Amino acid sequence: MPEYLTGRFSWYWLYYFSNDGILRVRILSGRRWIGLLGLGLFIALLFSLLIVLLTTVYRRIPFTLGYLLILAAVILALGTPSIYRSFRIRRLSKLTLDQVGKNWSCVKIPWSDVKSVKLRRRLMMIETDNRTYQAWMNDTDEEVSAFIRPFVSDRMTD
């Protein structure tokens, strides 16, 4: 039996399911996503202007290569939030659960606060007094159910 299970919801949240409860950690906020996308597009614009200058004025780069470089810069700029997200997840995966729990964006949900858990095709719906959480699980339904059932027992529905 693993020490904890992980799940994700959209681009923004990473969930850790452990013996103590559920940790919900923000990976990426909407503002940061827009900021990273804007920064990536700004850098791609500057790079594109340089390529256009080297292609048309100084004729140092062939047209085809210049356009391919501009296309690559735009694709990389659009992928900037995704690259940041993967680095953040990799950094979080190296931490222990205690260290993850000290993160300022972490929300701790003890098992006693969970009213019901529904698991269907790797989508877990967790209902508490305050709200409902969703997580896409990385493991199969059988593995998740075997891990979660001792903590929620009769509150787990199908």
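What follows is a walk through this structure, from its sheet to its helices and a few single residues. Keep in mind that this is a predicted model.

Let's begin with the sheet. Eight strands make up an open sheet, and if you go across it you meet them in the order S4-S3-S2-S1-S7-S6-S5-S8, with mixed pairing. The edges are strand S4 (107-110) and strand S8 (156-157), each of which pairs on one side only. Sitting against this sheet is helix H5 (residues 141-152), which touches S1, strand S2 (13-17), S5, S6, S7 and S8. The direction of H5 makes about 165° with that of S5.

Now for the strand pairs themselves. As a general point, the strands of a sheet pair through backbone hydrogen bonds, either parallel or antiparallel. Take strand S1 (residues 5-9) and S7: they run antiparallel and are joined by two bridges. If you want a spot to look at there, find Arg-8, which stands opposite Trp-136 in S7.

Further along, S5 and S6 are also antiparallel, with six bridges in their pairing. One place to see this is Ser-116, whose bridge partner in S6 is Glu-127. The two strands form a hairpin, with two residues between them. Have a look at Arg-121 in that turn, as its phi is positive, at about 50°. On to S8: S5 and S8 run parallel, and two bridges join them. Here Lys-118 has Thr-157 in S8 as its bridge partner.

While you are in this part of the model, how many salt bridges does a search of the whole structure find? The search finds one. In that salt bridge the side chains of Lys-115 and Asp-129 meet, at 3.2 Å from N to O. The two residues are 14 apart and the pair links distant parts of the chain: Lys-115 belongs to strand S5 (residues 114-120), while Asp-129 lies in the loop between strand S6 (123-128) and strand S7 (132-137). As for how open the two ends are, Lys-115 counts as partly exposed because its relative accessibility is 44%. Asp-129 has a relative accessible area of 59%, so this residue is exposed.

Back to helix H5 for a moment, where you'll find Arg-149. With a relative accessible area of 36%, Arg-149 is partly exposed. Arg-149 and Val-117 are 32 residues apart in sequence, and their C-alpha atoms are 9.4 Å apart in space.

Next, the helices H1 and H2. Two packed helices are described by the angle between their axes and the distance between the axes. For helix H1 (residues 30-57) and helix H2 (residues 63-78), the axes come within 8 Å and cross at roughly 175°. That angle is why H1 is roughly antiparallel to H2. What meets what along this contact? From H1 come Leu-37, Gly-40, Leu-41, Ala-44, Phe-47, Ser-48, Ile-51, Val-52, Thr-55 and Thr-56. On the H2 side they meet Phe-63, Gly-66, Leu-69, Ile-70, Ala-73, Val-74, Ala-77 and Leu-78. Sort the residues of this contact by type and you get 13 nonpolar, five polar and no charged.

Helix H3 comes next. Thr-80 is in helix H3 (residues 80-93). Setting aside residues up to four places away in sequence, Thr-80 touches Leu-36 and Gly-40. Thr-80 and Lys-102 are 22 residues apart in sequence and 27 Å apart in space, C-alpha to C-alpha.

Pro-81 has its place in helix H3 too. Is Pro-81 buried or exposed? Pro-81 counts as buried, because its relative accessibility is 1%. Not counting residues up to four places away in sequence, Pro-81 touches Trp-11, Leu-28, Trp-33, Leu-36 and Leu-37. From Pro-81 to Glu-142 there are 61 residues in sequence and 33 Å in space, C-alpha to C-alpha.

We'll finish in a loop. Asn-103 is found between helix H4 (97-101) and S4. Asn-103 has a relative accessible area of 15%, so this residue is buried. What does Asn-103 contact, leaving aside its neighbours within four places in sequence? The contacts of Asn-103 are with Val-25, Arg-88 and Leu-92.

How values were computed. Residues are numbered from 1 along each chain as its sequence is written. This is a predicted model: local features need pLDDT of at least 70, side-chain atom pairs count only at pLDDT 80 or more; totals for chains, interfaces and linings use all residues. Side-chain values use heavy atoms; hydrogens and water are left out. Axes are lines fitted to C-alpha atoms, for helices over the stretch in contact, and angles run from 0 to 180 degrees between N-to-C directions. Helices (H or I, at least four residues) and strands (E, at least two) are DSSP runs, numbered from the N terminus. Angles under 35 degrees count as roughly parallel, over 145 as roughly antiparallel, 65 to 115 as roughly perpendicular and the rest as oblique. Contact means heavy atoms within 4.5 Å. Ala, Val, Leu, Ile, Met, Phe, Trp, Tyr, Cys and Pro count as nonpolar, Asp, Glu, Lys and Arg as charged, and the others, Gly among them, as polar. A salt bridge is a side-chain nitrogen of Lys or Arg within 4 Å of a carboxyl oxygen of Asp or Glu. Buried means under 20% relative accessible area, exposed over 50%, partly exposed in between (1.4 Å probe, protein chains only). Two strands pair if DSSP finds at least two bridges between them.
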